[in-house]
Structures are given as C-alpha cells and as structure tokens.
Amino acid sequence: MNIAYKYRIYPNKDQIVLIEKTFGCCRKVWNLMLGDKISYYEKTGKQLLTTPAKYKRDYPFLKEADSLALANVQLNLERACDNFFRDRKIGFPRYKSKKHPKKSYTTNMVNGNIVLDFENKTIKLPKLGHIKAVYHRFPDNEWKVKSVTVSRNAINQYYVSVLFEYEASIDPVKADQNSIVLGLDYKSDGLYTDSEGYCAGMPHYYLKAQKKSARQQRKLSKKVLHSNNWYKQQYKVNKTAIKVSRQRRDFLHKQSKKIANSYDFVSVEDIDMKALSQSLKLGKATMDNGYGMFINMLSYKLEAKGGRLIRVDRFFPSTQLCSNCGKIKKIPLSQRVYSCGCGIFIDRDYNSAINITHEGKRLLLS
Ligand SMILES: [Zn+2]
C-alpha cells in the first residue's frame with residue numbers, strides 16, 4: 001500500500017533557484033520529447049522512444065537538474081502517449097506552458113538519496129541537499145520512502161509530497177446478513193444525505209471563503225490586465241483559492257474519517273461528476289463540493305480497515321423507488337418529499353439513501 005504525506009518546506013535562495021531550474025528543465029524536456037514524438041508520428045505513424053539524455057548535448061543546462069526528475073518526465077510522457085496510441089481520439093498530450101502557476105517535479109528514492117530528518121527538521125533531496133521542513137505528522141517506522149514530489153503553488157509556497165510504501169496485512173471484514181451498510185445520496189448543494197437521515201453540508205466557513213473567492217474574481221476582472229493592481233489582485237485571488245481548496249480537503253478528510261470509523265461498508269451511487277454538472281447545468285456548485293474527492297478518501301479509508309466502498313450502478317433508480325414497498329414512481333426534481341400509496345411520507349434524499357443502502361447490501365452479499 002502507498003500513502004502520501006505533504007509537508008511545507010522552506011528552501012533557501014540557492015535552493016529556490018535550483019528548484020525553479022528543475023521545474024524549467026522538466027518542462028523543456030517534456031516539450032522537446034513531445035515535439036520529436038509528434039513529428040516522428042506524422043512521418044511514420046509510430047511512437048518514437050526517446051530519453052532526456054539525448055537532449056543534454058544541445059541543452060547543457062539540463063545536466064544541472066536532478067536526472068531522476070527528468071526520467072519521471074519521460075515516464076509520464078510515455079504513459080500519456082500510450083493512451084493516445086490506444087485511442088487516437090484522445091489526441092497527443094499538450095505542451096507545457098511556462099505560465100502555468102503551479103509547478104512540480106518528482107524524484108525517486110535511490111540508494112538513500114532522500115533523507116527525512118525529523119530531529120533537525122530537514123529533508124535531504126538530490127542536488128538540493130538539506131531543506132528546512134515542517135513535519136506535522138510522522139510516518140510509521142516500517143514505511144519506506146518511494147518518491148518525493150516537490151511543488152510550488154500560485155503564491156510561491158513550496159511543498160514536498162512524500163510517497164511512502166508499506167506492507168499491509170489487512171483481513172477483510174466478512175459480510176453477512178447482519179452487516180450494516182451505510183447509504184449515501186449525493187447532494188449538489190451540500191455533500192450527502194445518509195440512510196440514517198443525516199444531511200452533511202459544507203461548513204459555513206468554507207461557504208464564506210468561497211463567496212470571498214468569487215468576489216475577488218469579479219474585482220480582478222475589472223482591473224487592467226497585467227497592471228500592477230491586476231497582479232496584486234491576482235495574488236489575493238490565488239491565496240483565497242488555495243485556502244478554499246485546503247479547507248475543503250480538510251473537511252472532506254474529517255467527514256470520510258468519521259464514516260470510516262463507524263462503518264465497514266458504505267454504499268454510494270457511481271455518478272459521473274462531469275456528466276452530471278454538464279447535463280444538469282448545476283455548474284460550479286457540483287464540481288466544487290469535492291464529492292469525487294470525498295468518495296476516493298472514503299474508499300481508501302474503508303479499505304485500510306478491511307471494509308469496502310460499494311458502488312451502485314448509476315442507472316439504479318434510487319430517487320424513484322419507494323424505500324418502503326419497492327414501487328417505482330417518477331417524481332420531479334422540485335418535489336422534496338417522496339410519498340407513496342403504502343403510506344410513506346419521507347424526504348426525497350433520505351428515501352434515495354435508503355434505496356442505495358438496500359442495493360449496496362444486495363451487491364455486498366451477491
Ligand atoms: Zn411505497
């Protein structure tokens with residue numbers, strides 16, 4: 001199993017220069033290799049295999065960068081091109097732009113070249129040496145470092161995401177008739193309603209920060225592009241956006257942890273978030289509550305304790321079924337209450353969540 005911990009780092013001036021150079025070299029190598037691959041494909045219809053080393057003579061500055069980082073660029077590019085050769089509709093991957101505000105590169109653990117020093121609060125990375133790091137959480141002793149991704153966000157803060165590998169010996173929880181399955185119904189304006197009737201919404205502080213973000217965006221659009229004030233405002237916009245996404249991630253971690261602590265089996269509708277936001281024209285609210293991210297977090301937290309996330313088919317009629325008698329009845333989106341001839345009178349999302357539970361349990365035992 002793999003797990004990643006992200007730590008803030010404080011590189012000194014020289015280290016910043018080198019990190020930035022490495023970002024640039026990775027972009028350069030990506031674009032050079034991609035360009036050659038595309039022209040080779042246009043001539044022969046085949047994939048060109050090429051390595052970063054081939055470009056070091058013409059671009060000697062590439063030698064300054066961590067060669068493992070460049071090797072990872074090659075791997076990523078090959079993976080993206082393999083997708084293209086499998087399905088031409090996907091198209092070639094894109095060239096990387098210098099203007100992209102987020103930068104990163106990944107290096108690997110080889111012969112102890114990466115050292116996390118918790119006592120001296122540093123991390124040693126290839127070419128960079130020891131960088132000041134803030135360790136707010138610690139890996140278990142038997143975890144092994146696999147790779148480190150160095151990144152810079154839009155407001156010039158640097159981070160390392162350390163990927164650890166560990167041997168997992170988890171006994172799967174046995175499912176039987178008495179197993180409890182929690183059902184979750186996706187809510188576009190909140191997060192979910194569960195089969196116990198609990199509605200989880202995004203917290204107030206998050207909604208407030210989101211509003212602030214929208215306000216700052218509007219202000220930015222009124223400034224003269226690339227003027228001093230525009231840059232100042234752009235910085236504010238980036239800062240709030242980072243805060244909003246951090247708050248969302250923390251909140252989703254807490255919510256998924258809470259559920260995984262209490263349940264072994266959770267059933268969800270397997271919804272296609274992109275299609276949903278497009279077809280229902282729910283726009284931003286749908287994309288921004290991070291439901292997809294939440295489901296991923298929940299899935300690995302359940303698996304880590306031997307439980308399971310059960311995905312119910314997206315065409316399962318969870319909103320139309322009566323959770324009491326099983327009759328099917330179409331109800332319009334505006335109708336918040338589900339009522340049925342059998343006497344049930346229930347919140348529509350709660351009704352869906354119960355249906356998702358029943359279907360989840362059926363799948364679990366089948
Ligand atoms: Zn009924």
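This is a walk through a predicted model, one selection at a time.

**The whole chain**

Start zoomed out, with the cartoon on. The protein chain carries eight helices and 14 strands, and its C-alpha trace spans about 80 × 55 × 55 Å along the principal axes. Colour by burial and 42% of the 366 residues count as buried. If you draw a contact map, take the contacts with a separation of 6 or more: 67% of them join residues 24 or more positions apart.

**The five-stranded sheet**

Now select β8 to β12. They form an open sheet with mixed pairing, in the order β10-β9-β8-β11-β12. The edges belong to β10 (199–200) and β12, each with a single partner strand, so each has one side without a neighbour in the sheet.

Zoom in on β8, residues 181–186. Is this strand enclosed or open to the outside? Six of its six residues are buried, so the rest of the structure largely encloses it. Side chains in a regular strand alternate between the two faces of the sheet. Here both faces are covered: Val181, Gly183 and Asp185 are buried on one side, and Leu182, Leu184 and Tyr186 are buried on the other.

Next, add the partners of β8:

- β11 (residues 265–269) runs parallel to β8, with four bridges between them. Show Val181 and look across to Phe265, which stands opposite in β11.
- β9 (residues 192–194) runs antiparallel to β8 and is joined to it by three bridges. Here the pair to display is Tyr186 and Tyr192, which stand opposite each other. Trace the backbone from β8 to β9 and you follow a hairpin through five residues.

One step further out, β11 pairs with β12 in parallel through five bridges. Pick Val268 and you'll find Arg311 of β12 opposite.

**Helix α8**

Keep the sheet on screen and select residues 348–365. This is α8, with 18 residues and 26 Å from its first C-alpha to its last, close to the 26 Å expected at 1.5 Å a residue. Its buried residues include Asn351, Ile354, Ile356 and Leu364. What do the buried residues of α8 pack against? They pack against β8, β9, β11 and β12 (308–312), and also against β13 (337–339) and β14 (345–347).

Before leaving, look at the start of the helix. A side-chain oxygen of Asp347 comes to within 3.1 Å of the backbone nitrogen of Asp349.

**The zinc site**

Select the zinc ion and show its ligands as sticks. The SG atoms of Cys322, Cys325, Cys340 and Cys342 coordinate it at 2.2 to 2.4 Å. The angles among these four donor atoms are 105 to 115°, and the site is tetrahedral. For reference, the ideal angle for four tetrahedral donors is 109.5 degrees.

In sequence the donors follow the spacing C-x2-C-x14-C-x1-C. Cys325 sits in the loop between β12 and β13, and Cys340 in the loop between β13 and β14, so this pair ties together parts that are 15 residues apart in sequence. Switch on a surface to compare the two: Cys325 is partly exposed at 40% relative accessibility, while Cys340 is buried at 14%.

**A stop on helix α4**

Jump to Gln247, which lies in helix α4 (residues 228–262). Is Gln247 buried or exposed? At 17% relative accessibility it counts as buried, because the cut-off for burial is under 20%. Leaving aside neighbours within four places in sequence, Gln247 touches Tyr205, Tyr206 and Ala209.

**Helix α2 and strand β2**

For the last stop, select residues 67–86. Helix α2 has 20 residues, which should span 28 Å at 1.5 Å a residue; its end C-alpha atoms are 29 Å apart, which agrees. Among its buried residues are Leu70, Val73, Leu77, Cys81 and Phe84. Residues three or four places apart in an α-helix point the same way, because there are 3.6 residues a turn. The elements covering the buried residues of α2 include α1 (13–44) and β2 (103–108). At the start of α2, a side-chain oxygen of Asp66 lies within 2.9 Å of the backbone nitrogen of Leu68.

Finish on β2. Lys103, Tyr105 and Thr107 make up its covered face, and Ser104, Thr106 and Asn108 its uncovered one. Add β6 (residues 144–152), which runs antiparallel to β2 and is joined to it by six bridges. Tyr105 stands opposite Val150 in β6.

Note on methods. Residues are numbered from 1 along each chain as its sequence is written. This is a predicted model: local features need pLDDT of at least 70, side-chain atom pairs count only at pLDDT 80 or more; totals for chains, interfaces and linings use all residues. Side-chain values use heavy atoms; hydrogens and water are left out. Buried means under 20% relative accessible area, exposed over 50%, partly exposed in between (1.4 Å probe, protein chains only). Helices (H or I, at least four residues) and strands (E, at least two) are DSSP runs, numbered from the N terminus. Two strands pair if DSSP finds at least two bridges between them. The expected span of a helix is 1.5 Å times one less than its number of residues. Contact means heavy atoms within 4.5 Å. A polar contact is a pair of N or O atoms within 3.5 Å; within protein, one must be able to donate a hydrogen and the other to accept it, and residues adjacent in sequence count only if both atoms are side-chain atoms. Donors are N, O and S atoms within 2.8 Å of the metal (3.2 Å for Na, K and Ca); water is not among the atoms, so sites may look incomplete. Four donors count as tetrahedral if all angles lie between 85 and 135 degrees; four count as square planar and six as octahedral if opposite donors are over 155 degrees apart and all others between 65 and 115; anything else is irregular.
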